[in-house]
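The exercises below ask you to read a protein model step by step, first by its helices, then by its sheets, and finally by a few single residues. Try each task before you turn to the solution.

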Amino acid sequence: MISLYNEGVYLKNGSIVTSGEGLPAPKDARRGTMAYKIMSAHNKGSEDKMRIKFDALISHDITYVGIIQTARASGMEKFPLPYALTNCHNSLCAVGGTINEDDHVFGLSAAKKYGGIYVPANQSVIHMYAREALAGCGKMILGSDSHTRYGALGCMGVGEGGPELAKQLLNNTYDVDAPQVVLVNLVGKPQKGVGPHDVAIALVGATFKNGFVKNKVLEFVGEGIKNLSADFRCAIDVMTTESTCLSSIWMTDDTIKKYYTVHGRPEAYYELKPDDIAYYDSMITIDLSKIESMIALPFHPSNAYTIKELNANALDILNAVQKEAVASFGPKVDFDIVSKYHDGHIWADQGIIAGCAGGLFENLCDAAQILRGGDVGCDYFSLSVYPGSVPVSMAITRNGIAADLLSSGVIIKPAFCGPCFGAGDVPANNGLSIRHSTRNFPNREGSKPAQGQISSVALMDARSIAATALNGGAITPATDIEPESANLEYEYDGSIYEKRVYNGWGKADPKAELKFGPNITDWPEMHALTDNLLLNLTAVIRDPVTTTDELIPSGETSSYRSNPLKLAEFALSRRVPEYVSLSKDIAKLEEERLSGQSPDRAVKALEKIGLSQDALKNTAIGSCVFAMKPGDGSAREQAASCQRVLGGMANICYEFATKRYRSNCINWGMMPFTLPENADFPCESGDFVYVEGIRDAIINKADKIPAKLITKNNVIEVDLSVGSLTDEEREILLAGCLMNWYKENNK
């Protein structure tokens, strides 16, 4: 299905070549890629050290309050570029009293005051609105959501933490080393029953674990593109986030031209393609004709199998999943997925088709086509669909698809991202949900292992979910029934946006008042970096990868995202429940130090390495998370900021899973320490790490930073690194966080 080629290739007049006379140097030919042409047009820095200014920004209601508060505290007077505030994550105003709707009111007032775009709750999920109203060929959009991907529409999307959007609002830049570009060559035509999620799951399965495309740009070309509709392309593209790539871009053609025309924005289109000669650092070939119906088993989109393979080896595969989960969760929960196999089938309890990946027009139409004449049944299995926007809902209402779905027993719900992050359709304990949505991380569906509750999600395409529903919940590949596509034309009606979306871009009103609810609070004070650090490991996680959902759970906890202190109470609560109390204890030691005291616990740690209590005068005491590879998943900065609010001063790891999480740590003033690949670091929770001369090391751009791991019985010398940092990132770390840095520069 998918093959990887880990050497450079050229695309010459549409043909792939690896060598030959007359070919330019790779660095010169890389400029011929679509990615570099677009990024160069937005670059205010050098070719190697890019400083990007974006065309538009977009956020949802978990992130925009913090972004606006940060930019406002740093001197912002108006939005300098179009900024859309969507309300698709906390649109169920059922947790914490009025706080969700208070944030929505704040968002509208901010759009009026600063000249923004406000998309009310349930009108559209964030990425559907960006596709329908913001994307354009050759543009770049920065979003505070990891699935900011619009490459199929010729628009490069980048998902980052909120501080990166605050930088854009303050007329600063997004700084990134020139990325490698990976050629994704699409050939062939999908077989009947194969949908975009099948292609996406296969791609993620082939590239995530080996890091093949980490922090790189995927550039989609090839004759197979013409065999894919715009919806099909968009639904593959949004899932490229799960490969940990930086961004994506696709060749555009008449199909995309028609997309923009249908959406009333024909001027947003122009043809995008690589130059006659373009160089790529590596290549992926996807033979669409060989893609089968796929499933990503719990607990990661890369845990990919063909459904046929799963059904043929059900007990072996399910036992492996269960064993891995037990090793991760420990005795806190009684996880059982093996029992889902009985009577010769694997049985799901729930089906969901939702959001920016699943809730697209064609997915819903094809699901209805499969279910037509059948039904979901009246047993444990249920099926819900969430159209991605009101225009999609209007289209399926007018063409009869909504009636077909309802008559089959499907429940139709409003545009909402809840099922993607644990705030909607949470399954029962030990339930198995199959979803055409973006992620299936542990706890992502809303379960709470710390309280003995666990359920799981498997990702599947809408077509196979419909085939499964038709079969009473027995997991079934749509290719088994070879369904015909509905082949219905999408009739977009944007009038609902004209009637309900507040578009204040370019119309800032400084006299407008921001409307604050009681839960919207400012950030606590954060101090500049001291000469030395004494770090206490309040969480030690040795899982291969740690997701941002484990660092700060989503779901109902996100309702408190506008109150830093309250939200921090949930940090690591579903992975290391004792983390918050341990971190608070360390924060008290730092409070004592700042008041001139010498806390006994810190003094004893220093004495083990031959230092007296006098060293505390210029040695900050902070908490620290150690994880093997932290930060996979969501872009939300709360994964880092909650640690900082609790007194966190560093992460130590072997590598960061994503650039965006590392950037979040830096922007919140936490040291992004990494260890050498094979270094021994035999730490336990409660151990200290002393880093002498950290301030000088940051100023002098030290490659290695000596440190001492202080365990109960030993002192072990280790070398830490902060990797490549821009001059601005160094200044942010020295200042203590991005907000402090802006305050210093605005004096």
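**Exercise 1.** At what angle do the axes of helix 7 and helix 8 cross, and within what distance do they come?

*Solution.* Keep in mind throughout that this is a predicted model. Two packed helices are described by the angle between their axes and the distance between the axes. For helix 7 and helix 8 (residues 230-237), the axes come within 8 Å and cross at roughly 30°. Because angles under 35 degrees count as roughly parallel, helix 7 is roughly parallel to helix 8. The handedness of this crossing is right-handed. As the next step, look for the residues that make the contact: helix 7 contributes Pro-196, Val-199 and Ala-200, while helix 8 contributes Phe-232, Ala-235 and Ile-236. Sorted by class, the residues of this contact are six nonpolar, no polar and no charged.

**Exercise 2.** Which term describes how helix 3 lies to helix 6?

*Solution.* Start from the geometry, in which helix 3 (residues 64-73) and helix 6 (residues 162-169) pack at an angle of about 45° with their axes 9 Å apart. That angle makes helix 3 oblique to helix 6, and the crossing of the two is right-handed. On the side of helix 3 the contact involves Ile-67, Thr-70 and Ala-71, which meet Gly-162, Leu-165, Ala-166 and Leu-169 of helix 6. When these residues are sorted, five are nonpolar, two are polar and none is charged.

**Exercise 3.** What is the strand order of the open sheet of five strands, and is its pairing mixed?

*Solution.* Reading across the sheet gives the order 1-15-11-12-13, and the pairing is mixed. The edges are held by strand 1 (2-5) and strand 13 (247-250), each of which pairs on one side only. From one strand to the next the twist averages 20°. Now take one pair in detail: strand 12 (residues 217-221) and strand 13 run parallel and are joined by four bridges, and Phe-220 stands opposite Trp-250 in strand 13. Helix 7 (residues 196-207) packs on this sheet, where it touches strand 1, strand 12 and strand 15 (282-287), and its direction makes about 35° with that of strand 1.

**Exercise 4.** Which strands stand at the edges of the sheet with the order 9-8-5-6-7-25?

*Solution.* This open sheet has six strands and mixed pairing. Strand 9 (156-159) and strand 25 (502-503) each have a single partner strand, so one side of each is left without a neighbour in the sheet. Elsewhere in the order, strand 6 (residues 83-86) pairs with strand 7 (residues 117-119) in the parallel sense over three bridges, and the bridge partner of Ala-84 is Ile-117 in strand 7.

**Exercise 5.** Which parts of the chain does the salt bridge between Lys-192 and Glu-484 link?

*Solution.* The structure holds 30 salt bridges. In the one between Lys-192 and Glu-484, the closest N and O atoms are 2.5 Å apart. Lys-192 is in the loop between strand 11 (181-187) and helix 7, whereas Glu-484 is in the loop between helix 17 (462-470) and helix 18 (495-500), so that the pair, 292 residues apart, links distant parts of the chain.

**Exercise 6.** Where is the cis peptide bond?

*Solution.* Most residues other than glycine have a negative phi, and most peptide bonds are trans. Here a cis peptide bond joins Pro-298 and Phe-299, with omega about 10°.

Conventions: Residues numbered from 1 in each chain as written. Predicted model: local features only at pLDDT ≥ 70, side-chain atom pairs only at ≥ 80, totals over all residues. Heavy atoms only, no water. Pairing = 2+ DSSP bridges. Axes fitted to C-alpha atoms, helices over the stretch in contact; angles between N-to-C directions. Contact = heavy atoms within 4.5 Å. Parallel < 35°, antiparallel > 145°, perpendicular 65-115°, else oblique. Left-handed = near helix turned anticlockwise from the far one by under 90°. Nonpolar A, V, L, I, M, F, W, Y, C, P; charged D, E, K, R; others polar. Salt bridge = Lys/Arg side-chain N within 4 Å of Asp/Glu carboxyl O.
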